[in-house]
Every structure is written in C-alpha cells, then in structure tokens.
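Please look through the structure below before reading on, and keep it open beside this note. The points that follow are meant to be checked against it one by one.

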Amino acid sequence: MEALLGQVPVRFSRLPMFPFFDLAHYAASVMALKEQRGAVEVAYRSPIACWFSAMLYCFGGSILSSLMLAEPPVAFLANTTSVLLASSIWYLIFYCPHDLAYRWVSFPPIRLMVAGMKEVTRTWKITGGVLHAHSHYSNAWMVMIAIGWARGAGGGLISNFEQLVRGVWKPETNELLKMSYPVKVSLVGAVLFTMQQTLYLPVEKHDLMFLYTIFLVGTKISMMLIERSTSPFAPLEKILGHLLFGWQPPSSRARGEAKVPYNGTSSAGGHTSGGETGESAKKKHAKKSE
C-alpha cells in the first residue's frame, strides 16, 4: 500500500495536459476575458480584436517568455491544434446561440472543475518555463525564476497590452503595482521549482509538483466557494512588509494640514494684516508731516 501511495506523485508528474487540461485552461481563460467590462461589445464590434485578446489570455505565458528569451513570440501559432482548440472555445463562449456554452461552463460544479484543472496546467507551465530557461542559462537562477513566472502568469503580466487591444488603457491595473493572487502564487512556484532545479531544495521534482498542485487546486476552489477575492498571502505580506520595508510614511496631505496654525489663520493672512498696518502708519506719518 505504501509503495502504491509513493507512486502517486510520479504518475501525477507524467499526466498529459493535452487535450483535457489544455481545454480547461482555454475555457477558464476565455471565460475570464468575457467577464471583463466591455469585452462582449468588442466581440461584436471587432471579432478579430476579441480573438487576439483571447489568444493573449490563452497563450500569454508562452508569448511573454519567448520575448524575454529573444525567441519568436508567434511560436505558439506553430501548434495548430492548440490554436484551433482555443479558437473553438473562444467562438463557442462568445457567439454560441442563447449563450448556451457560457451558461454551461458557468454552472458551479463545472466551473469549479475547470478552475481546478487550470491550476494543474499552471504547475506544468511553471516547470516547463524553468526547464526551458535552464537549457539556455544553466546557472542563472534569476532567469529561471523570471521565465517560470512568465509562463505561469503571463496572461496577467501582459494584461495592460491585452487591454490596449480592446481599446482600454488602465495603467493603474499593472500587475507589478498590485499583483493578483495567480501572479503571486506563480512567482512563489517559480522560486520553488528553480531552487529544486538548482539543487538548493532537497525535494524530488515529482513530489514538489504534486504538493504544489494540491495547494493550488485546494486554495483556488476554497476561494471560489467562499467567494473570496483577497490573496491568502495577505496577512504574511503585511507582516513581512512591516519587517522589511517599515511602516507607511504619513501622506503629504497630512503633513500639509499639520502646518496650519491652531487658530486657522494662514501665514498669508498674517502678511496681509501686517501690510494693512504698515499702510495706516504711513498715512498717519503723512498727516503729521503736513
């Protein structure tokens, strides 16, 4: 029995992603696109722009990692089967009569299953990115982290460019300014798998893949069930932020308010009253001289 349980991580690490897990990834990505504000209007006004946005959602990690490694960013188009599969999912979710495909995927049990399968593909994308970077830069662990992070969360990291395709410009939504949970957990995964690849983490790769995927799937499903959008890392981030970067300084507005005198009289008013006193003294002096 113990031997069989020990083989579970090994068999899990050999699980093929095509076609079912890739299908779930495409479905979850296109669903996220359709639920963006104004995406449906763009789909009917410019189907080409909507399709391009969907491909950025589905293959954003591959595109971003290719750009970072000076490889052709259109390499994902060489996999015709995957592109056709993603395009079929995009067409059904956006243009199926009576929105049947979108409603079917939105059914809670199916949506939970699709979300969980998408998190499984995230593990495979991160490990694939780390291995790909290791083949180019065997000792550059920062490159491996960057490529693994890009593969796992590329759709989020290039969200501003995807918004531009739909005619939206929101620089304040930059993931580097306010990282979402998928981007954060992908960064953590990239660090872990890079440490394992460079032998700084004494854990077998299949065991790490199994444990990391269980954490991803369990956390994602629990967040969806309790309808929680905040990251589970938030308490730890707050503590580390105070320890490493100190407390947030007071705002400039507070500093400006602190300069106002207690009686509410501004310095400009004081100068004005002083100016009036000087004028009256001059008039009195002129009368005396007359």
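1. Leu 243 belongs to helix H12, which covers residues 234-245. Keep in mind from the start that the model is predicted. With a relative accessible area of 66%, Leu 243 is above the 50% cut-off, and therefore counts as exposed. Together with Leu 236, Ile 239, Leu 240, Leu 244 and Phe 245, Leu 243 makes a nonpolar surface patch of about 700 Å².

2. For the chain as a whole, the secondary structure comes to 14 helices and 0 strands, and 35% of the 290 residues count as buried.

3. Helix H11, residues 205-225, repays a careful look, since its 21 residues reach 30 Å from the first C-alpha to the last, which is close to the 30 Å expected at 1.5 Å a residue. The buried residues of H11 are Leu 208, Met 209, Tyr 212, Thr 213, Leu 216, Thr 219 and Met 223. When H11 is viewed down its axis, these buried residues fall within an arc of 140 degrees, and so they line one face of the helix. Leu 211 and Leu 225, by contrast, are exposed on the other side of H11. Just after this helix comes Glu 227, with a positive phi of about 55 degrees.

4. Helix H4, residues 47-68, has a kink of about 80 degrees, and the kink is centred on Phe 59. After H4 comes Ala 70, in the loop that leads to helix H5 (80-95), and its phi is positive, near 60 degrees, in a residue other than glycine. Ala 70 has a relative accessible area of 74%, and is therefore exposed.

5. A further positive phi, of about 60 degrees, is found at Asp 99, which is not a glycine either. Asp 99 sits in the loop between H5 and helix H6 (100-106). Its relative accessibility of 26% lies between the cut-offs of 20% and 50%, so Asp 99 counts as partly exposed.

6. Which peptide bond is cis, with omega near 5 degrees? The bond in question runs from Phe 18 to Pro 19, and Pro 19 lies in the loop between helix H1 (2-13) and helix H2 (20-34).

7. A word on why such backbone values deserve a mention: most residues other than glycine have a negative phi, and most peptide bonds are trans. When you check the model, the places to visit for this include Ala 70, Asp 99 and the bond from Phe 18 to Pro 19.

Conventions. Residues are numbered from 1 along each chain as its sequence is written. This is a predicted model: local features need pLDDT of at least 70, side-chain atom pairs count only at pLDDT 80 or more; totals for chains, interfaces and linings use all residues. Side-chain values use heavy atoms; hydrogens and water are left out. The bend at a residue is the angle between axes fitted to the seven residues ending there and the seven starting there. Helices (H or I, at least four residues) and strands (E, at least two) are DSSP runs, numbered from the N terminus. The expected span of a helix is 1.5 Å times one less than its number of residues. Buried means under 20% relative accessible area, exposed over 50%, partly exposed in between (1.4 Å probe, protein chains only). The arc is that of the directions from the helix axis to the C-beta atoms. Patches are made of residues with over 30% relative accessible area and no salt bridge: like charges are joined within 9 Å, nonpolar side chains (Val, Leu, Ile, Met, Phe, Trp, Tyr) within 5 Å. Accessible areas come from the Shrake-Rupley method with a 1.4 Å probe; for residues, only the protein chains shown count as cover. A salt bridge is a side-chain nitrogen of Lys or Arg within 4 Å of a carboxyl oxygen of Asp or Glu.
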